[in-house]
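Student: Could you help me learn how to read a protein structure? I would like to go through it step by step.

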Amino acid sequence: MTPEHVLMSWLDPVLFAATALGTLAGIWIGAIPGLSVTMAVSILVSFTFAWPLEPALALMAGVFTGGVYGGSRSAILLNIPGGPAAIATALDGYPMAQRGEAGAAIGLTTLASFLGGLIGVAALALGAPAIAEVAILFAPRDYLLLAVLGLLLVGSLSGESLAKGLFAAGLGVTLGLVGLDPMTAEPRFTYGSVELLGGIPYIAAMIGFFGVAEALSQLRLPDAEPVRQRIGRIVPPLATLLRHLPLALRSSGIGVVIGALPGTGGDIAALMAYDHARRTTRAPAHPFGAGAEEGVIAPEAANNAAVGGAYVPMLTLGIPGDAVTAVLIGALFVHGLKPGPMLMIETPHLFWFTVGNLLLANLALLAFGLAGARAFARIAEVPRAVLVPLILVLCVVGTFAIRNSLTDVWWMLGFGISGYGLRLYGFQPGPIILGMILGPLMDASWRRTVIAAGDDVLAAAIEAAGSTISLILIATIVLIVLRSLVGRKRPA
Amino acid sequence: VRPGERLLPVLLLAAAAVVVAEGLRLDGLASPSASGAFPLLAGGVMAGSAAAIALAPRRPADALPMLPARAAAAMALLVVFAAAMPLVGFHLAAFAFLAITIRLLRGHDTLRAALIAALAVGAVHVVFRLAFTVLLPEGALWR
């Protein structure tokens, strides 16, 4: 390790400014419904193509770190996750804001994100080669099982029943499969429409189901004065921090491992950490789903830890850990680099520069996150009659901005209005969106698994039974189903 | 029980049947790695879940109205906003939508509603048009 490379972005004013500004921009962009961190990185990457390499990497690391954290702001204040990684945060963050504790929720998420981010960076620095070796052991069936696990978690966590959660997940998977089959180029669920060949944009669906449907659902509630937010204390008391520290550490560990798996990212990490928190927390002050502090700490620690984790396969194997690192890999190629094992051997200074850079981005996250918390918390005090129309306009313009497409806006409105109806009957949007995102991965993993077993499902199952990783995942899935079934039968 | 609760499982089963039909069309039963195999699995999960929903005891509805007039009005205005955007441009359509909807929901103070709408459209212009260089619709009528 060369300290001068780790400290490069700390000592160079341009690199320092690029990291800090990137983090600040990431927080604000992530907090605006419709502007996802993937979109922010994609747009900013195009600005940096003419830049020298180091400032470009510094800016992108800042935007990534800040953006993942920023998604929690709109999840807490508006019940609209800034991105899929903040879906779990909304489950308890929003009830906290409705209780007048938006400031406390933001303070907790900031500290959890900071801690998770630090652990992610430490894992990247100390364990990149080892983590990459574990990640490469995952077979296609393990990705399939991991995706099933993610859907089951979100399906069992949200909505009135597991059956409704599973139906929503199945619907989401189906929506994710619309378009040309990537293996055979056969159109699926397109019914002759050319528009549908490219698939349904999941960000438009996410904005519709979460943004429009939630905003319209707010209008079902009777008029009431907005909840006054108690924002006197943003930084939680030391005793609270110490009480939640073990959970934050465990959730960060989950985030690092899930983030390091190619193709999975902060979204699944956050859901798994949330489920872990729900299973391991004895007697929370507020129940999960009704504003439990543990329910915001666990996903936020995990999704920011997943940032460091996602850099592991990107830098060591040249495989994207999630959508953002896929964009970053493209940017590295534009800058003449080839991510993969040779990057670590030929340009080790860039690896250590990235480590130092991510560390700085996390410190910037802490500073900007806490400094802006009071102003952000006031958003929850805006009267519903003003906030709802503003959210609806943001949803329209945010959707349009993805591809400058009015068709996407109509998709978003369709999902929003149908999402309003689905909510009335106890279906939640989380499983639908996650199903849309994971559907193509599940389809590809399923087919690779059975093809590898000679098109024989039984042979594939026997192979799975012989793999420790697969067995652990299968056992976890069975446990979740059993627990969900037993839990529903117990009287409340 | 919510209105339409009895009809819901029928609609869900119909949706599952559409997915299963597409899976069968794509030879989902012929081979487990066929294009239609995974849609068939997804349709099966949907059908199973719909059956479980049909058999589960009905939950009592909440006391809130299913579709209050102001939610219906906001939906209608939103659709009009999206339809008007390519004609009159984003800025004018968004301003009109915000001013009318805030006025409608707030019940008073037209001037204040217009002021909030103008400020919001200005902020959106700065963030999306100037900072992110998103080409917001300008309106076919003004070309």
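**Reading two chains**

Tutor: Happily! We can start with chain B, whose secondary structure comes to five helices and zero strands. Keep in mind that this is a predicted model.

Student: In which order do the elements of chain B run from the N terminus on?

Tutor: They run α-α-α-α-α.

Student: How do I judge the overall form of chain B?

Tutor: One way is to set the radius of gyration beside the value for a compact globule. With 143 residues, such a globule would have a radius near 15 Å, but chain B has 23 Å. You can also look at the box filled by the C-alpha atoms of chain B, which is roughly 60 × 40 × 25 Å along the principal axes.

Student: What percentage of the residues in chain B is buried?

Tutor: Buried residues account for 40% of the 143 in this chain. For contacts in chain B with a separation of 6 or more, 53% join residues 24 or more positions apart.

Student: Now the two chains together. How many residues of each chain are in contact with the other?

Tutor: On chain A there are 66, and they are in contact with 65 on chain B. The two chains bury about 5600 Å² between them, and 76% of that is on carbon and sulfur atoms. On the side of chain A, 13% of the buried area is supplied by A:Phe167, A:Arg220 and A:Tyr425, more than any other three residues.

Student: How many salt bridges and polar contacts should I look for there?

Tutor: The rule finds zero salt bridges across this interface. Polar contacts are another matter, with 13 residue pairs between chain A and chain B.

Student: Which elements of chain A give two or more residues to the side that touches chain B?

Tutor: Among them are helix H4 (37–48), helix H9 (162–177), strand S2 (187–188) and helix H18 (384–403). The largest share, 13 residues, comes from H18(A). By class, this side of chain A has 46 nonpolar, nine polar and 11 charged residues.

Student: Can we finish with a single residue? Is A:Thr65 buried or exposed?

Tutor: A:Thr65 counts as buried because its relative accessibility is 2%, and the cut-off for buried is under 20%. This residue lies in helix H5 (residues 53–78) of chain A.

Student: What lies around A:Thr65?

Tutor: Leaving out residues up to four places away in sequence, A:Thr65 touches A:Asn304, A:Val307, A:Leu358, A:Ala361, A:Asn362 and A:Leu365. A polar atom of the A:Thr65 side chain also lies 2.8 Å from the backbone oxygen of A:Ala61.

Note on methods:
Residues numbered from 1 in each chain as written. Chains lettered and ligands numbered in written order. Predicted model: local features only at pLDDT ≥ 70, side-chain atom pairs only at ≥ 80, totals over all residues. Heavy atoms only, no water. Contact = heavy atoms within 4.5 Å. Buried area = accessible area lost by both parts, 1.4 Å probe. Salt bridge = Lys/Arg side-chain N within 4 Å of Asp/Glu carboxyl O. Polar contact = N/O pair within 3.5 Å; in protein donor to acceptor, adjacent residues only side chain to side chain. Helix = DSSP H or I, 4+ residues; strand = E, 2+ residues; numbered from the N terminus. Nonpolar A, V, L, I, M, F, W, Y, C, P; charged D, E, K, R; others polar. Rg over C-alpha atoms; globule rule 2.2 N^0.38 Å. Buried < 20%, exposed > 50% of the residue type's maximum accessible area, 1.4 Å probe, protein only.
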